[in-house]
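Biologist: I am new to this structure and would like to learn how its labels are earned. Could you take me through some of them?

Modeller: Gladly; let us look at it together.

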Amino acid sequence: MKVVITRKIPETIKHMLDSACTTYMWAEELEPMPRHLLLEQAVDADAIFTNVSDRIDKELFQAAPRLKVVSTMAVGVDNIDLAEASRRGIPVGHTPGVLSEAVADLTFTLMLAAARKVVEGMAYIREGRWRGWGPMLFTGRDVYRATIGIIGMGSIGRGVARRAAGFDMRILYHNRKPDPEAEKQLGAEYCDLDTLLRQSDYVVMLAPATPETHRMIGARQFALMKPNAIFVNTSRGGNVDEQALVRALKGGTIWGAGLDVFEQEPIRPDHPLLALDNVVTLPHIGSATLDTRMNMAALAAQNILHVLNGEPPAHCANRAALGP
Ligand code: GLV
Ligand code: GLV
């Protein structure tokens with residue numbers, strides 16, 4: 001059995017796969033595996049260990065006649081053609097659960113950093129501009145007791161809601177279906193999207209990227225938000241119309257933003273978002289704690305080993321592939 005690993009992963013995780021399979025690993029940690037090489041290596045691959053930056057599409061499935069499983073070191077599977085995988089009976093493993101708390105932490109990090117001008121304040125000191133304490137210097141926004149609106153109440157959303165409850169926040173949420181558990185345990189209130197946008201001080205986007213969520217936050221949605229609203233996105237850049245976000249931030253339609261994800265990653269250094277003071281940006285590191293990334297990598301490896309042993313992956317993103 002041959003596994004293609006499309007990025008340099010920790011040795012201990014690679015050993016899990018080496019013990020049962022032949023592995024080909026792209027040796028770069030920060031550069032994606034070139035497409036032509038991936039297509040070439042896929043020819044005799046039984047499994048692909050992938051991540052958010054590879055496109056696992058019809059062309060790739062066609063190039064990989066022996067493929068039995070795709071496993072991504074991520075919860076999001078928007079880079080993978082699930083319908084095509086299911087049609088071919090190929091399960092797609094992913095890593096929900098193990099990353100939820102880390103992503104919830106980073107979501108709160110962005111809320112707090114944007115609200116309290118953390119990055120601007122640090123630049124101010126570094127640039128030698130700090131002359132003394134000022135009564136209104138870097139005044140930001142309260143997080144405690146403010147209203148948070150969570151779009152997408154999955155396990156990450158529930159993690160954010162638990163943290164928000166600790167900050168005495170009023171918790172609104174919007175989801176495909178209501179979550180009675182979150183309502184009972186955390187006092188979260190279900191509401192339609194427009195109501196959530198109108199009432200929230202912090203609008204937090206956590207929905208997975210699907211055709212239904214594509215650019216679901218655009219000019220109309222920013223116009224509904226409060227002028228003091230802070231928009232945070234730790235899901236996928238495609239859920240937001242980025243040009244509309246730039247206009248909303250520039251024109252004072254909303255107060256600030258915290259972004260871990262972008263329409264195009266890496267975002268170009270000359271992107272207009274990066275010229276704004278009221279935005280905090282991070283390079284897609286929502287789940288990036290050492291422990292969480294190790295757990296994700298181990299789970300991604302286990303998902304492959306399960307399938308190659310004739311079992312379903314522990315976490316399968318396309319149940320249809322497993323048959324009735
Ligand atoms: C990262 O973005 C993930 O989907 O896990
Ligand atoms: C998003 O990925 C969620 O779990 O809500």
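**How the labels are earned**

Modeller: This is a predicted model. Let us start with Asp168, whose place is in the loop between α7 (155–166) and β7 (170–174).

Biologist: What is the phi of Asp168?

Modeller: Phi of Asp168 is positive, about 60°, although Asp168 is not a glycine. Arg215 also has a positive phi, near 50°, and is a residue other than glycine. You will find Arg215 in the loop between β9 (202–205) and α10 (219–224).

Biologist: Why does Arg215 count as partly exposed?

Modeller: The class of partly exposed lies between the two limits, under 20% for buried and over 50% for exposed. Arg215 has a relative accessibility of 42%, so Arg215 counts as partly exposed.

Biologist: And why is Thr95 called buried?

Modeller: Buried means under 20% relative accessible area. Thr95 has 0%, and therefore Thr95 is buried. Thr95 is found in the loop between β5 (92–93) and α5 (100–115).

Biologist: Which residues is Thr95 in contact with, leaving aside its neighbours within four places in sequence?

Modeller: They are Thr72, Met73, Ala74, Val75, Met296, Leu299 and Ala300. Two of those names, Ala74 and Val75, come back among the residues around ligand 1.

Biologist: Which residues surround ligand 1?

Modeller: Ligand 1 is surrounded by Val52, Ala74, Val75, Gly76, Leu99, Arg236 and His284. By class, this shell has four nonpolar, two polar and one charged residues.

Biologist: What makes Arg236 the charged one, and why is Gly76 not put with the nonpolar residues?

Modeller: Arg counts as charged and Gly as polar in this scheme, so Arg236 goes to the charged class and Gly76 to the polar class.

Biologist: How do you know that His284 makes a polar contact with ligand 1?

Modeller: A polar contact is a pair of N or O atoms within 3.5 Å. A polar side-chain atom of His284 lies 2.5 Å from an oxygen atom of ligand 1, so the pair qualifies. An N or O atom in the side chain of Arg236 is 2.7 Å from an oxygen atom of the ligand, which means this pair qualifies too. Val75 uses a backbone N or O atom, 2.8 Å from an oxygen atom of ligand 1. The protein covers 88% of the 190 Å² of accessible area that ligand 1 has on its own.

Biologist: Where is the cis peptide bond?

Modeller: That bond joins Glu265 and Pro266, with omega about -5°. Pro266 lies in the loop between β11 (256–259) and β12 (279–281).

Note on methods: Residues are numbered from 1 along each chain as its sequence is written. Chains are lettered from A and ligands numbered from 1 in the order in which they are written. This is a predicted model: local features need pLDDT of at least 70, side-chain atom pairs count only at pLDDT 80 or more; totals for chains, interfaces and linings use all residues. Side-chain values use heavy atoms; hydrogens and water are left out. A residue is near a molecule or strand if one of its heavy atoms lies within 4 Å of it. A polar contact is a pair of N or O atoms within 3.5 Å; within protein, one must be able to donate a hydrogen and the other to accept it, and residues adjacent in sequence count only if both atoms are side-chain atoms. Accessible areas come from the Shrake-Rupley method with a 1.4 Å probe; for residues, only the protein chains shown count as cover. Helices (H or I, at least four residues) and strands (E, at least two) are DSSP runs, numbered from the N terminus. Buried means under 20% relative accessible area, exposed over 50%, partly exposed in between (1.4 Å probe, protein chains only). Contact means heavy atoms within 4.5 Å.
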